[in-house]
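User: I would like to learn how to read the features of a protein model, one at a time. Could you give me the general idea each time and then the case at hand?

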Amino acid sequence: MEREDEEYMVVEADDEEIEQAVVTMFNTKHHKNVKMMKFKGEIGSTPVCALLDSGSTHSFVHPDVLQGVQPKLIQTAPMIVTVANGAKMVTDLQCEALQFSLQGHTFERDVRVLDVQGYDMILGIDWLTSLGPMTVDWGAGQLEFKQGDQTVKLQVKDEKAKIKLIKGKVDAEKEVRKGSEILLAHIMCVEEEGLTNEKQPKIRPVPIQLQNVLATFSKVFEEPKGLPPTRSVDHAIDLQPGTKTINLRPYRYSYFQKIEIEKIITELLSNQLIQPSNSPYASPVLLVKKKDGSWRMCVDYRQLNACTVKNKYPIPIIDDLLDELHGAGVFSKIDLRSGYHQIRMKEEDRCKTAFRTHEGQYEFKVMPFGLTNAPATFQALMNTVFKPYLRRFVLVFFDDILIYSSSMEEHIEHLGLTLELLAEHQLFAKRNKCEFGLGSIEYLGHIISKQGVATDPKKIQAMCNWPSPRNVKELRGFLGLIGYYRKFVKHYGTIAKPLTEQLKKNSFL
């Protein structure tokens, strides 16, 4: 899989002790005299994409592709590379006698280690001159030379043909096994500058009667400092007997993703939520876009989860929760701040949460997102904390806490008791996601008021605008979506039966 192309300019050095070299731009429109070819090859068992660059005096290799071999690395004088945007890259490592193959032919060469973008390997003029006399047809993409008694002919494959759109994990894995080059595209809407702030959650005004209560417990809405307290429900990871240590290499990241990951790691370290790790366990990380446009770093714990003994703690049923609201007319909603991070990991299980990035390995001191039993642990904590008030005037579904009362006078007391519990157990809420003292409120995809429980018009509109399913998978997703409101539709089962029938094997039309 290729990285994004990035233009390279010249390796510069003012000090005589610093070795000099030239790396040309990959964009040939700026360097028409520079000739290049691209070949597929392998380093060990790792497929690589190598660029033969006649304008580069040195050869380079990306450090990621060396992980599958045992390279002999030596420290050298630093080499400074300036890229087109003015940024500088430095390499002071050389891999001696690196063995690699191109189109089935094996070669050995000393190469510099550099985080090159766009290719796994750059083969410069130093490698070309080591081959001896040769015949080169740059137009046809052919390179021919002698290697011992054997004639080696390298041919650039035609890249104009067969660009195919693939969707789904299974199809992608098939193409990877075939050795196909894959471009992974992340498509999103980019909002115009100035509109983003309008979509940020705004703090809604609070009724005068409740302002004193919120002021009394203002610490609940502060940023937590340090680790949460040790509790009886600290999270544990119990692995199935005979499970081997799970250790996966990190994913490849683009330049901008690396910057975001480094920012998030710095923030987590400053908040004492993670620590550097030497654990034998390691899981990769990826970035997910949040609603507000910022990024959330998620650890891919799928392999760890597959080996974890599942917790059977009961999760509340939304319909059962909503049945408790009869007679209520005043509502407040509290949303906890990064709720999972308010629960500690048991010290003996911290090593299992280890994750690896391009800059190092870390492990969580608090419960991370993505663990299979994390929702059960969090719900257990919420039920333990609010047990005295559950079904009396509090409903809890993970980090969404609903306080309901029949009058404002009752609500003042109920809200105070709820915030007191949060302060006592050192649980923190996010103020701009909380709402207080309303006659109608959105909770778990429903609109709740004194008149009862109703559907959310926004979600109804999303269902009406949903595109027609084109296959069984899309149909199953659509039925799952509309099934959330099935209790509001008379004879829902009868109406939806023609669609559910098409879920059967070979029945989709």
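User: What share of the residues counts as buried here?

Analyst: This is a predicted model, and of the 509 residues of the protein, 41% count as buried. The protein exposes about 29,500 Å², of which carbon and sulfur atoms supply 52%. In terms of secondary structure, the protein has eleven helices and 23 strands. Among the contacts with a separation of 6 or more, residues 24 or more positions apart account for 67%.

User: How should I read a single strand, and which way do the side chains of strand 15 point?

Analyst: In a regular strand the side chains alternate between the two faces of the sheet. In strand 15, V330, S332 and I334 point one way, while F331, K333 and D335 point the other way, and all are buried. Because six of the six residues of strand 15 (residues 330-335) are buried, this strand is largely enclosed by the rest of the structure.

User: Which strands pair with strand 15?

Analyst: Strand 19 (residues 400-405) pairs with strand 15 in the antiparallel sense over six bridges, and D400 in strand 19 is the bridge partner of D335. Strand 20 (residues 435-438) also pairs with strand 15 in the antiparallel sense, over two bridges, and here E435 is the bridge partner of K333.

User: What can be said about L438 in strand 20?

Analyst: L438, which has its place in strand 20, is buried because its relative accessible area of 14% is under the cut-off of 20%. Distance along the chain and distance in space can be read together for this residue: L438 and S449 are eleven residues apart in sequence and 8.7 Å apart in space, taken from C-alpha to C-alpha.

User: How do I read a sheet as a whole, and what is the order of the strands in the open sheet of three strands?

Analyst: For a sheet, one reads the order of the strands, the sense of their pairing and the edges. The open sheet of three strands has the order 21-22-23, with antiparallel pairing. Its edge strands are strand 21 (440-443) and strand 23 (452-455), each of which pairs on one side only. Neighbouring strands of this sheet are turned by 30° against each other on average, with direction ignored. Strand 22 (residues 446-449) pairs with strand 23 in the antiparallel sense over four bridges, and within this part of the sheet H446 stands opposite T455 of strand 23.

User: Which backbone angle is noted for L444, and where is this residue found?

Analyst: L444 has a positive phi of about 55° although it is not a glycine, and its position is in the loop between strand 21 and strand 22. At 14% relative accessibility, L444 counts as buried, because the value is under 20%.

User: H491 also has a positive phi; is H491 buried or exposed?

Analyst: The phi of H491 is about 60°, although H491 is not a glycine, and the residue has its place in the loop between helix 10 (472-482) and helix 11 (492-501). H491 counts as exposed, because its relative accessibility of 56% is over 50%.

User: How do I read the surroundings of a buried residue, and which residues does D126 touch?

Analyst: A list of contacts can be read beside the accessibility of the residue. D126 lies in helix 1 (residues 125-130) and is buried, with a relative accessible area of 15%. Not counting residues up to four places away in sequence, D126 touches T57, H58, S59, R109 and D110. A second case is H341, which has its place in the loop between strand 15 and strand 16 (355-357) and counts as buried at 15% relative accessibility. Leaving aside its neighbours within four places in sequence, H341 is in contact with P228, L268, L273, F364, V366, M367, P368 and F369.

User: Finally, how do I read a surface patch, and which residues make the nonpolar one of about 210 Å²?

Analyst: A patch is read from its members and its area, and then from the place of each member. The nonpolar surface patch of about 210 Å² is made by Y251, L286 and V288. Of these, Y251 is found in the loop between helix 3 (208-216) and helix 4 (255-270). With a relative accessible area of 32%, Y251 is partly exposed, because the value lies between the cut-offs of 20% and 50%.

Definitions and conventions: Residues numbered from 1 in each chain as written. Predicted model: local features only at pLDDT ≥ 70, side-chain atom pairs only at ≥ 80, totals over all residues. Heavy atoms only, no water. Buried < 20%, exposed > 50% of the residue type's maximum accessible area, 1.4 Å probe, protein only. Contact = heavy atoms within 4.5 Å. Patch = residues over 30% accessible without salt bridge, like charges linked within 9 Å, V, L, I, M, F, W, Y side chains within 5 Å. Areas by Shrake-Rupley, 256 points an atom, 1.4 Å probe, with all protein chains shown as cover. Salt bridge = Lys/Arg side-chain N within 4 Å of Asp/Glu carboxyl O. Pairing = 2+ DSSP bridges. Axes fitted to C-alpha atoms, helices over the stretch in contact; angles between N-to-C directions.
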